[in-house]
Amino acid sequence: MTPPVDRLSRPLRDLRISVTDRCNLRCPYCMPREVFGRDHAFMAREELLSFEEIARLARQFAALGVTKVRLTGGEPLLRRELERLVEMIAAIPGIDDIALTTNGTLLAARAGTLRDAGLSRVTVSLDALDEQVFRSMSDTRLPLARVLAGIDAALAAGLAPLKVNMVVRRGVNDHCALELAEHFRGRPETLRFIEYMDVGASNGWRLAEVVPAAELRDAIDARWPLEPIVPDRLGEVATRYRYRDGAGEIGFIHSVSAPFCSSCTRARLSADGRLHTCLFATHGHDLRALLREGASDDDLAREIALIWTARGDRYSAARAEQTTRRGSAHPRIEMSYIGG
Ligand code: SAM
């Protein structure tokens with residue numbers, strides 16, 4: 001089948017697969033405890049796509065042009081035997097890169113087996129190096145050392161290049177940004193700062209808490225001079241810089257201040273098999289129903305191609321063009337469900 005392009009001429013290249021809606025952290029900006037508490041109805045096992053169903057869909061996506069797959073969640077390492085899924089995806093012709101986004105707390109014991117199964121690389125989320133700030137950003141009692149051990153184990157296993165993502169909230173952890181930059185300078189990991197995004201009423205987002213990437217870049221450049229790196233592929237989400245003194249690279253993900261919708265080549269598959277063509281799309285297309293009604297591979301590929309061809313989303317760009325607002329106007333987006 002001819003690889004589809006959407007209404008804005010964007011090809012389909014990347015697939016983010018959320019393998020679970022559960023997480024062992026309760027980061028207030030993502031899964032606040034008030035919303036995702038004891039009474040929250042997480043998905044039942046039979047609602048989740050099985051590994052066989054995920055792999056079958058991934059094969060159709062690969063046939064339509066997808067070369068990169070990212071496993072996310074929720075916390076993907078909570079899904080049992082994830083290595084088996086990695087192995088199945090690694091066997092799909094056309095997929096040359098399998099990445100995992102994780103909070104790192106369960107990574108130390110799994111890095112080697114994931115690598116052996118065919119995982120290419122990991123991105124670890126880490127919002128502070130200060131124990132107290134880490135615990136309040138993640139609303140957890142788990143120690144920061146667990147995440148750092150996960151990062152070390154991933155490096156030792158050869159899961160590279162390893163990225164570390166820090167979500168920055170003004171007045172909450174922005175004072176930790178330079179410390180993180182200093183820690184990762186000269187190390188093999190690449191630190192990237194993510195602008196705090198509005199995911200709807202659930203995280204009480206306020207524009208005032210967003211630290212624009214340019215402001216952070218200027219602060220880092222003033223301390224350790226930077227020079228830009230030319231992007232090497234369409235759809236790169238981070239603007240990359242290298243330290244002029246040779247201490248490596250650093251990135252900025254400016255989803256709020258300068259959205260990158262025009263080059264977005266990413267589809268997202270939720271844990272229950274809905275295809276979202278944008279993180280902020282409130283409607284997902286139910287591929288699980290098709291799978292379970294007995295659709296053939298051709299039917300599935302045709303449906304995915306139709307959905308992609310009709311895609312016109314540029315939600316973040318459209319929102320940025322609106323006048324500046326103080327509070328959230330989004331319907332609730334569940335990152336854990338769609339896969340942030
Ligand atoms: N549990 C995994 C993890 O922590 O990396 C994967 C899922 S998590 C939803 C994926 C990424 O989304 C994390 O880096 C997290 O920090 C980021 N994220 C969640 N909510 C966000 C928000 N409101 N703004 C910006 N990034 C957010």
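**Exercise 1. Strand β10 and its partners**

Task: Determine which way the residues of strand β10 (residues 266-269) point, and whether they are buried or exposed.

Solution. Step 1: In this predicted model, Arg266 and Arg268 point one way from strand β10, while Ala267 and Leu269 point the other way. Step 2: All of these residues are buried.

Step 3: Turn next to the pairing of β10. Strand β1 (residues 14-18) runs parallel to β10 and is joined to it by 4 bridges. Within this pair, arginine 266 is the bridge partner of aspartate 14.

Step 4: With β11, strand β10 pairs in the antiparallel sense over 2 bridges. Here leucine 269 stands opposite leucine 275 in β11. The hairpin of β10 and β11 has 4 residues between the strands, and glycine 273 takes a positive phi near 85° in it.

**Exercise 2. The order of the sheet**

Task: State how many strands the open sheet has and in which order they stand. Then explain why one side of β7 and of β12 is left without a neighbour.

Solution. Step 1: Strands of a sheet pair through backbone hydrogen bonds, in either a parallel or an antiparallel manner. Step 2: The open sheet has 12 strands with mixed pairing, in the order β7-β8-β9-β6-β5-β4-β3-β2-β1-β10-β11-β12. Step 3: β7 (226-228) and β12 stand at the edges and have a single partner strand each, so one side of each lacks a neighbour in the sheet.

**Exercise 3. The surroundings of strand β6**

Task: Explain why strand β6 (residues 190-195) is described as largely enclosed by the rest of the structure.

Solution. Step 1: A residue counts as buried under 20% relative accessible area. Step 2: In β6, 6 of the 6 residues are buried, so the strand is largely enclosed by the rest of the structure. Step 3: Both faces are covered, with Thr190, Arg192 and Ile194 buried on one side and Leu191, Phe193 and Glu195 buried on the other.

Step 4: Consider the neighbouring strands. Strand β5 (residues 163-168) runs parallel to β6, and 6 bridges join the two. Among the paired residues, valine 164 has leucine 191 as its bridge partner, and asparagine 165 has arginine 192. The chain passes from β5 through helix α6 (residues 177-184) to β6 in a right-handed β-α-β crossover.

Step 5: Strand β9 (residues 249-253) is also parallel to β6 and is joined to it by 4 bridges. In β9, glycine 251 stands opposite arginine 192.

**Exercise 4. The ligand and its shell**

Task: Identify which residues come nearest to the ligand, and describe the shell around the ligand by class.

Solution. Step 1: There are 19 residues around the ligand, of which Gly74, Glu75, Thr101, Ser125 and Met197 come nearest. Step 2: By class, the shell has 8 nonpolar, 9 polar and 2 charged residues.

Step 3: Examine individual contacts. A polar side-chain atom of glutamate 75 lies 3.1 Å from a nitrogen atom of the ligand. For threonine 102, a backbone N or O atom lies 3.4 Å from an oxygen atom of the ligand. For methionine 197, a backbone N or O atom lies 2.8 Å from a ligand nitrogen atom.

Step 4: The ligand exposes 550 Å² when taken alone, and the protein buries 93% of that. Step 5: β3 (97-102) and β6 are the elements that give two or more residues to this shell.

**Exercise 5. Glycine 284**

Task: Locate glycine 284 and decide whether glycine 284 counts as buried or exposed.

Solution. Step 1: Glycine 284 is found in the loop between β11 (274-276) and β12 (285-286). Step 2: Because its relative accessibility is 6%, glycine 284 counts as buried. Step 3: Tryptophan 308 is 24 residues from glycine 284 in sequence, and the two are 12 Å apart in space, C-alpha to C-alpha.

Note on methods
Residues numbered from 1 in each chain as written. Predicted model: local features only at pLDDT ≥ 70, side-chain atom pairs only at ≥ 80, totals over all residues. Heavy atoms only, no water. Buried < 20%, exposed > 50% of the residue type's maximum accessible area, 1.4 Å probe, protein only. Pairing = 2+ DSSP bridges. Right-handed = clockwise from strand over helix to strand, strands pointing away. Near = heavy atom within 4 Å. Polar contact = N/O pair within 3.5 Å; in protein donor to acceptor, adjacent residues only side chain to side chain. Areas by Shrake-Rupley, 256 points an atom, 1.4 Å probe, with all protein chains shown as cover. Nonpolar A, V, L, I, M, F, W, Y, C, P; charged D, E, K, R; others polar.
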